[in-house]
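Dear colleague,

I am handing over the structure below, and the notes that follow it set out what I found when going through it. Please read them with the coordinates open beside you.

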Amino acid sequence: MDLPTLDDYPTRKGTEAALLYRRDPTVWGTAEDGPLSHSRLQEHDRRGYTRFGSLLDPDEAAGHLDEADRLVADPGLRDDERAVVDPSDGGVRSVFEVHRVSGAFDALVNDPRLVEPARQLLGSDVYVHQSRLDHRPGFGGGPLYWRSDFETWHAEDGMPRMRAVGFSVALTDHHSHNGAPLVIPGSHRTYVSCLEDGEHGRSGTPDRGTLTILADRHGIDTLEAAPGDVTALDANCMYAAGANITPWARSSLFVVYNSVENACEKPFGGEGPRPGFLASRDFTPAGR
């Protein structure tokens, strides 16, 4: 007989939002376990994110941008379930499981420059829970509302603990005026238990009162970046992005590494798990 798993992070089960203390470390490894210094690990622990300037050289970043442009222009990809298409113009805005679609992005997702810091932060081997290409063309692409990815991964994918980290690799310039990501530093220390029916009628969307509390407490950072820059973002950080109303595209790769010791199980939100291209059930270690 299977006993129910204790849920330290309940969500979408009531009519009132709640702020709960985080019960997991932010940093699971030490400075001896990988390339990040003790001060860099402390920074990640304090803010919930850390940044790597020019992790990819200009030629690498340009090559991956060319590959991104090729993918979003591929008419065959628009009918693929992994593609998110803008209904207003038919343009591809996101490609999930992009490392399965593109050999170039598969190599990048398994690159030691990403995998080794992920292993260090999470204190174990890691696997790819999700990868996606995000493309916001000039004068295109709406805003991304505030969210904690862990809330979704926990409720809908069955991720037990906060032992995952997302790496955002900028392929173009990210400026405040073209919708660079926003993050509430320190928000990773608080779990937002969301309403059953959230803002915009979506379950799992944080309410405005909770967001105001977190923003007043911690402030908001804008994650501007140049091509090749990388940001490692804790799974429970509250983040968002504005619309791109400039003539210049904003593109990035986002890859989520989860600890192999934190593999997803039955969703905690009570519904069936999402498709594998959104939440992988292949727990093969990355970079091996």
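**Aromatic groups and rings**

One aromatic cluster is formed by Y9, F150 and Y191. Please bear in mind throughout that this is a predicted model.

The count of aromatic pairs comes to 6. In the pair of F167 and Y257 the ring centres are 5.6 Å apart and the planes stand at 80°, which is over 60 degrees, so the pair is edge-to-face. Because F167 lies in strand β7 and Y257 in strand β13, this pair ties together parts that are 90 residues apart in sequence. F167 is buried, with a relative accessible area of 0%, and Y257 is likewise buried, its relative accessible area being 0%.

Two arginines are placed over aromatic rings: the charged end of R47 sits over the ring of Y49, 4.2 Å from its centre, while R163 lies over the face of W28, at 4.1 Å from the ring centre.

**The sheet and its helices**

The strands that carry F167 and Y257 belong to an open sheet of 7 strands, whose order is β2-β11-β7-β13-β5-β4-β3 and whose pairing is antiparallel. At its edges stand β2 (49-52) and β3 (83-85), each with a single partner strand, so one side of each is left without a neighbour in the sheet. On average, and with direction ignored, neighbouring strands of this sheet are turned by 15° against each other.

Within the sheet, β7 (residues 164-170) and β13 (residues 250-259) run antiparallel and are joined by 7 bridges, and V169 stands opposite L253 in β13. Helix α2 (residues 58-73) packs on the sheet, where it touches β4 (92-96), β5 (126-136) and β13, and its direction makes about 75° with that of β5. Helix α1 (residues 38-47), for its part, lies across β2, β7 and β11 (230-234) and runs at about 135° to β2.

**The nonpolar cores**

Which residues of the largest nonpolar core touch the most other members? Of its 34 residues, these are F105, L114, L121, L133, V165, F167 and Y257, so that the edge-to-face pair described above appears here again. At least two residues of this core are supplied by each of α2, β4, α4 (103-109), α5, β5, β7, β11 and β13, and α5 gives the most, with 5 residues.

If its neighbours within four places in sequence are left aside, L121 is in contact with T26, V27, W28, G29, L36, L41, H44, V165, F167 and A232. A second, separate core has 12 residues, among them Y127, F150, W153 and F254; F150 is also a member of the aromatic cluster with Y9 and Y191.

**Two further positions**

Is R119, in helix α5 (residues 112-122), buried or exposed? At 12% relative accessibility R119 counts as buried, because the value is under 20%. Apart from neighbours within four places in sequence, R119 is in contact with S124, D125, V126, A286, G287 and R288.

G63 has its place in helix α2 and, at 36% relative accessibility, counts as partly exposed. The C-alpha atoms of G63 and A104 are separated by 8.9 Å, although these residues are 41 residues apart along the chain.

With best regards

Note on methods. Residues numbered from 1 in each chain as written. Predicted model: local features only at pLDDT ≥ 70, side-chain atom pairs only at ≥ 80, totals over all residues. Heavy atoms only, no water. Pairing = 2+ DSSP bridges. Helix = DSSP H or I, 4+ residues; strand = E, 2+ residues; numbered from the N terminus. Axes fitted to C-alpha atoms, helices over the stretch in contact; angles between N-to-C directions. Contact = heavy atoms within 4.5 Å. Phe/Tyr/Trp six-rings, centres within 6.5 Å; stacked < 30°, edge-to-face > 60°. Buried < 20%, exposed > 50% of the residue type's maximum accessible area, 1.4 Å probe, protein only. Lys NZ or Arg CZ within 6 Å of the ring centre and 35° of its normal. Core = buried A, V, L, I, M, F, W, Y, C linked by side-chain atoms within 4.5 Å.
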